[in-house]
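Okay, thanks everyone for coming. I'd like to walk you through some ring contacts and one helix, so let me put the structure up.

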Amino acid sequence: MKILVIGADGQLGIDVAKAFVAKGDEVVHATHSDVELSDRDSVDKCLADARPQIVVNTAAMHHVDKCEKDPGKAFAVNGLGARNLATSAKGIGAKLVHVSTDYVFDGEKKTPYEESDAPRPLNSYGNSKLSGEYFVRSTLREHFVLRTSAIYGKSPCRAKGGLNFVELMLKLAKERDELRVVDSEIVTPTPTTEIAKQIVALSGSEKYGLYHATAEGSCSWYEFAREIFALTDTKVKLSIAGPNEFPAKVPRPTYSVQAASFQGLVF
């Protein structure tokens, strides 16, 4: 198969490309310098040149604070960009795998979200990503929309200065004697390598639709940090931050755990 990976130089995109190569597929790497998602002509040209059987979109504007400051740009990239990809993929007869987010939920449920639960984003990032989901699902039948959560991997996270949460905690632990981390937001930390495996498995099927693609279990950011330090034998004093010690600039779901459902698929 010929696979076009959009965002191929990103934290997730790098591992997705590697997973398809390991499977024996031909991978075309597309970065921001190769395609501008908000530009329909740019998207059409990228897909027409590559002529893939499968398009995987791992690119997004996902810096939450920046999305809130510029919701128009967020919608252009995350919403209209997804529509452009779905329309172009339909035109060449390709499948589309589109990566979305747990931030489409408001966190009020307090039990794992199912795909059938009604989304209710709290911020511009979540709204723009939800619009992208709807565009993909209404434009192209041969689609897979995967909602992820708190992803981390070995490759740099370009939107966050090259550091994901794991790397940030280890960096801060070297610089400080004590760290304080919030425990008010519950997530499901998910390795990029596992998401890549799920994408490869899904894309080879015809089980089109919406999926929650996360690891199992859940924890707070404080609990995640505690486990990171335990597994790496990092010596640092860790404590829970106070309720208003690190106030968020943008509303975020306090609980965004998802019930994953990949019945019948082999990883």
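**Aromatic pairs and helix H1**

So, phenylalanine 135 is partly exposed, with a relative accessible area of 21%. Keep in mind that this is a predicted model. Which residue lies over the face of that phenylalanine 135 ring? That's arginine 83, at 5.5 Å from the ring centre.

Now the ring-ring side. The count comes to 8 aromatic pairs. One of them joins phenylalanine 75 and phenylalanine 135, and it's tilted, with 6.3 Å centre to centre and 50° between the planes. Phenylalanine 75 sits in helix H4 and phenylalanine 135 in helix H5, so this pair ties together parts that are 60 residues apart in sequence. Phenylalanine 75 is partly exposed too, at a relative accessible area of 32%.

Next up, tyrosine 103 and tyrosine 125: their ring planes are at 70° and their centres 6.0 Å apart, so we call that pair edge-to-face. Tyrosine 103 is in the loop between E4 and H5, while tyrosine 125 is in helix H5, 22 residues apart. Are these two buried or exposed? Tyrosine 103 is buried, with a relative accessible area of 9%, and tyrosine 125 is buried at 9% as well.

There's also an aromatic cluster made of Tyr152, Phe165, Trp221 and Phe224.

Last bit, helix H1, residues 11-23. Its buried residues include Leu12, Val16, Ala17 and Phe20. What do the buried residues of H1 pack against? Strands E1, E2, E3, E4 and E6, plus helix H7. And just after H1, glycine 24 takes a positive phi of about 100°.

Technical notes: Residues numbered from 1 in each chain as written. Predicted model: local features only at pLDDT ≥ 70, side-chain atom pairs only at ≥ 80, totals over all residues. Heavy atoms only, no water. Buried < 20%, exposed > 50% of the residue type's maximum accessible area, 1.4 Å probe, protein only. Helix = DSSP H or I, 4+ residues; strand = E, 2+ residues; numbered from the N terminus. Contact = heavy atoms within 4.5 Å. Phe/Tyr/Trp six-rings, centres within 6.5 Å; stacked < 30°, edge-to-face > 60°. Lys NZ or Arg CZ within 6 Å of the ring centre and 35° of its normal.
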